[in-house]
Structures are given as C-alpha cells and as structure tokens.
Amino acid sequence: MAGNEVLDKLYEIIEDRISSQKEGSYTVKLYQKGKPYIAQKVGEEASEVIVAALAETKERLVEEIADLLYHLLVLMAVSNVKPEDVYEELKRRMKE
C-alpha cells in the first residue's frame with residue numbers, strides 16, 4: 001500500500017469511528033473532547049517529534065511522526081478537511 005493509500009485508509013477509519021461512536025475507541029474519546037483538545041494534542045505530538053528528531057533513535061522518531069500524522073488526521077476529520085484537499089494543495093505548491 002502506497003503512503004497516500006495508508007493515510008486515506010486511516011482517514012476512512014477515523015471517519016467511521018467518529019460516525020459510529022465505536023465504544024472504547026481512542027478516536028471517539030478525542031472527538032468527544034472537541035477540536036480545541038485535538039488541536040492541543042497535535043501540538044504535543046509535534047513537540048515530541050522535535051525531541052525525537054534531536055535526541056532519540058530513528059525508530060522513536062518514526063513512532064512520533066506516526067502519532068502526529070494520526071492526530072492531524074483526526075483534526076482534519078473534525079474540521080471536514082479531506083486528505084485530497086491537502087494533496088491538492090501540495091500539488092499546487094510543487095508547481096510554484
């Protein structure tokens with residue numbers, strides 16, 4: 001599975017968990033706490049990526065990047081931003 005396919009699939013899972021309110025789901029717990037809390041989690045995860053990049057192993061950095069991407073996708077879902085929206089913006093920037 002290509003990188004964007006993984007992100008697209010994870011986004012679909014996040015949307016499904018939110019719409020179904022799947023019991024015990026971490027995604028649902030984040031959703032229930034609201035957008036400000038999710039945005040704060042994105043900030044926390046970004047800080048952890050910075051620390052891992054400067055002082056941890058590659059494996060730890062990969063784990064932290066995965067956490068950041070997950071939390072970004074949750075924030076995107078609650079903000080009605082689709083991965084395709086981001087892909088299109090990145091494509092636009094590549095042409096500049």
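Trainee: Let's start somewhere simple. What does E88 count as: buried, partly exposed or exposed?

Mentor: This is a predicted model, so local features need pLDDT of at least 70, side-chain atom pairs count only at pLDDT 80 or more, and totals for chains, interfaces and linings use all residues. Residues are numbered from 1 along each chain as its sequence is written, and side-chain values use heavy atoms, with hydrogens and water left out. Buried means under 20% relative accessible area, exposed over 50%, and partly exposed in between, with a 1.4 Å probe and protein chains only. E88 has 46% relative accessibility, so it counts as partly exposed.

Trainee: And the chain overall? Which pattern does it follow along the sequence?

Mentor: Helices here are DSSP runs of H or I with at least four residues, strands are runs of E with at least two, and both are numbered from the N terminus. The chain comes to five helices and zero strands. Read along the sequence, that gives the pattern α-α-α-α-α.

Trainee: How much of the chain do buried residues make up?

Mentor: For a sense of scale, the C-alpha atoms fill a box of roughly 35 × 35 × 30 Å, taken along the principal axes. The chain has 96 residues, and the buried share of them is 25%.

Trainee: What share of the contacts between residues at least 6 apart joins residues at least 24 apart?

Mentor: A contact means heavy atoms within 4.5 Å. Take the contacts in the chain between residues at least 6 apart in sequence; the share joining residues at least 24 apart is 59%.

Trainee: Now α3 and α4. Are they roughly parallel or antiparallel to each other?

Mentor: Axes are lines fitted to C-alpha atoms, for helices over the stretch in contact, and angles run from 0 to 180 degrees between N-to-C directions. The axes of α3 and α4 come within 9 Å and cross at roughly 160 degrees. Angles under 35 degrees count as roughly parallel, over 145 as roughly antiparallel, 65 to 115 as roughly perpendicular, and the rest as oblique. That is why α3 and α4 are roughly antiparallel.

Trainee: What kinds of residues make up the contact of α3 with α4?

Mentor: On the α3 side, the residues include I38, K41, V42 and E45, and on the α4 side they include L61, I65, L68 and H71. Ala, Val, Leu, Ile, Met, Phe, Trp, Tyr, Cys and Pro count as nonpolar, Asp, Glu, Lys and Arg as charged, and the others, Gly among them, as polar. The residues of this contact divide into 14 nonpolar, one polar and seven charged.

Trainee: H71 caught my eye there. Is H71 buried or exposed?

Mentor: H71 sits in helix α4, residues 58–78. Leaving out residues up to four places away in sequence, H71 touches Y26, L30, I38, K41, V42 and E45. Its relative accessibility is 4%, so H71 counts as buried.

Trainee: Which residue meets K41 in a salt bridge?

Mentor: A salt bridge is a side-chain nitrogen of Lys or Arg within 4 Å of a carboxyl oxygen of Asp or Glu, and the structure holds seven of them. K41 is buried, with a relative accessible area of 13%. Its partner lies three residues apart from it in helix α3 (residues 35–55), about one turn of the helix. The two side chains meet at 3.4 Å, N to O, and that partner is E44.

Trainee: Back to E88. Why are K91 and E88 separated by about one helical turn?

Mentor: The side chains of K91 and E88 meet in a salt bridge, 3.3 Å from N to O. K91 is partly exposed, with a relative accessible area of 44%. The separation is about one helical turn because, in helix α5 (residues 83–95), K91 and E88 are three residues apart.

Trainee: Which residue does E89 meet in a salt bridge?

Mentor: E89 counts as partly exposed, at 26% relative accessibility. E89 and its partner both lie in helix α5, four residues apart, about one turn of the helix. The bridge spans 2.8 Å, N to O, and the partner is R93.

Trainee: Last one. Which residues does E15 touch, beyond those up to four places away in sequence?

Mentor: E15 lies in helix α1, residues 3–20. It counts as partly exposed, at 28% relative accessibility. The C-alpha atoms of E15 and V49 are separated by 25 Å. With residues up to four places away left out, E15 touches A77 and K82.
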